[in-house]
Amino acid sequence: MPPELKAFYRDSVQPYLVSWFRYTPENEIGKLTCPVLLLQGDNDIQVDAKQLTALKAAKPDAAQLLVHNMNHVLKIVTGDMSQQMASYGDPTLPLAPELSSALTGFLSDKLK
């Protein structure tokens, strides 16, 4: 195993990872009866935007938002892979503004 992946796949993490293999997100989200907001960034290097489409198909009444240039940690990143990786550990980068307004709107609407 490459050394840079050892922290993610160390022995102590294996039971946790294996426990999630029994679930298929599309199956699980389809079971929900509460309001759902599906969020995805089109610059996510961990989860492809096709997953948003699959989740929406499984939960047609869900609201959805695809945020341009948002990555997996909900921040706007327009640069190369080094900027992507740096964003994961930089708490000074703000959340994507579109995300914040979408969450506020969704919650305000659902809590009425």
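Let's start at a small opening: the lining of the second largest pocket holds five nonpolar residues, one polar residue and no charged ones. Those lining residues are Leu5, Phe8, Ile45, Gln46, Met85 and Tyr88. The pocket they surround offers about 160 Å³ of space. Keep in mind as you look around that this is a predicted model.

Now turn to the largest pocket, which has a volume of about 630 Å³. Its lining is made of 18 residues, and the ones nearest the centre are Pro25, Val47, Gln51, Leu55 and His72. Sorted by class, the lining of this largest pocket has 13 nonpolar residues, four polar ones and one charged one. Where along the chain do residues of this lining come from? Helix 1 (14–20), helix 2 (25–30), strand 1 (37–41) and helix 3 (50–58) each supply at least two of them. Strand 1 gives the most, with four residues.

Leu55 is a handy bridge to our next stop. Besides lying among the residues nearest the centre of the largest pocket, Leu55 belongs to the largest nonpolar core. That core has six residues in all: Ile29, Val36, Leu38, Leu52, Leu55 and Ala62. To see how one member fits in, pick out Ile29. Leaving aside residues up to four places away in sequence, Ile29 touches Val36, Leu38, Leu55, Ala58 and Lys59. Another core lies apart from this one; it has five residues, including Leu65, Val67, Met70 and Leu99.

Lys59, one of the contacts of Ile29, leads us to the charged side chains. How many salt bridges are there in this model? The count comes to three. In one of them, Lys59 pairs with Asp61, and their closest N and O atoms are 3.4 Å apart. Are these two partners buried or exposed? Lys59 counts as buried because its relative accessible area is 7%, which is under the 20% cut-off. Asp61 is exposed, with a relative accessible area of 61%.

Another salt bridge joins the side chains of Lys31 and Glu28, with 3.3 Å from N to O. Here Lys31 counts as exposed, because its relative accessibility is 57% and the cut-off for that class is over 50%. Its partner Glu28 is partly exposed at 31%.

The remaining pair is Lys110 and Asp109, whose closest N and O atoms are 3.6 Å apart. Lys110 is partly exposed at 42% relative accessibility, and Asp109 is also partly exposed, with a relative accessible area of 43%.

Technical notes:
Residues are numbered from 1 along each chain as its sequence is written. This is a predicted model: local features need pLDDT of at least 70, side-chain atom pairs count only at pLDDT 80 or more; totals for chains, interfaces and linings use all residues. Side-chain values use heavy atoms; hydrogens and water are left out. A salt bridge is a side-chain nitrogen of Lys or Arg within 4 Å of a carboxyl oxygen of Asp or Glu. Buried means under 20% relative accessible area, exposed over 50%, partly exposed in between (1.4 Å probe, protein chains only). A nonpolar core is a set of buried Ala, Val, Leu, Ile, Met, Phe, Trp, Tyr and Cys residues joined through side-chain atoms within 4.5 Å. Contact means heavy atoms within 4.5 Å. On a 1 Å grid over the protein atoms alone, a cavity is a set of points where a 1.4 Å probe fits but cannot get out, and a pocket is an open set with protein on both sides within 12 Å along at least five of seven lines; lining residues have an atom within 4 Å of a point. Grid points are joined across faces, edges and corners, and a volume is the space filled by probe spheres set on the points. Helices (H or I, at least four residues) and strands (E, at least two) are DSSP runs, numbered from the N terminus. Ala, Val, Leu, Ile, Met, Phe, Trp, Tyr, Cys and Pro count as nonpolar, Asp, Glu, Lys and Arg as charged, and the others, Gly among them, as polar.
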